[in-house]
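Work through the exercises below with the sequence and the model at hand. Each task is followed by a worked solution.

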Amino acid sequence: MKKSAFALLASLSAIAFSPVSQADINEDLQNICTIVKNDDKSELRKKVKKVQDDYNLRLGDYYTGISCGGSSLIRYAMENGATEVGTFMIKKMSKGDLTQAESDGQMLQQWAEANGHIASPIGQELLARIN
């Protein structure tokens, strides 16, 4: 009887004092496409900061894993005229991240030129950043 009571007490205390697991990063990034589409720079800044604080990840670390309607975040910003968030993301990412080929094999600059977005404020910020 004493052994079972001790085992029960030990298992309950282990549960009570175990660290609370962090929320899943996918949950934290759930509405990022809506934030980009709405050009809500303040909310995007909060989200990027939270992910950095909670998971020690910078925007470039998870950028390629996010797709909004089949487009990357910056492409989605360009398609929706979300100038504030588009330029914010370009400033937060490294030149190397911005010049890598995306899922379709095109670099961001090539895609922007081919789709008429290079003259937009986001396209101009991209050119200034990578040159």
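Two exercises follow, on helix packing and on salt bridges.

This is a predicted model, in which local features need pLDDT of at least 70, side-chain atom pairs count only at pLDDT 80 or more, and totals for chains, interfaces and linings use all residues. Residues are numbered from 1 along each chain as its sequence is written, and side-chain values use heavy atoms, with hydrogens and water left out.

**Exercise 1.** Determine how buried residues are placed around helix H10 (residues 121–130).

Solution.
- Step 1. List the residues of H10 that are buried (under 20% relative accessible area, 1.4 Å probe, protein chains only): Ile122, Gly123, Leu126, Leu127 and Ile130.
- Step 2. These residues span an arc of only 140° around the axis, so they sit on the same side of H10. The arc is taken from the directions from the helix axis to the C-beta atoms.

**Exercise 2.** Find the salt-bridge partners of arginine 75 and state where they lie.

Solution.
- Step 1. Apply the criterion: a side-chain nitrogen of Lys or Arg within 4 Å of a carboxyl oxygen of Asp or Glu.
- Step 2. Glutamate 102 pairs with arginine 75, with the closest N and O atoms 3.0 Å apart. Glutamate 102 is in the loop between H8 and H9 and arginine 75 in helix H6, so the bridge ties parts 27 residues apart in sequence. Both residues are buried.
- Step 3. Aspartate 104 also forms a salt bridge with arginine 75 (2.8 Å, N to O). Aspartate 104 is in the loop between H8 and H9, 29 residues from arginine 75.

Technical notes:
Axes fitted to C-alpha atoms, helices over the stretch in contact; angles between N-to-C directions. Helix = DSSP H or I, 4+ residues; strand = E, 2+ residues; numbered from the N terminus. Buried < 20%, exposed > 50% of the residue type's maximum accessible area, 1.4 Å probe, protein only.
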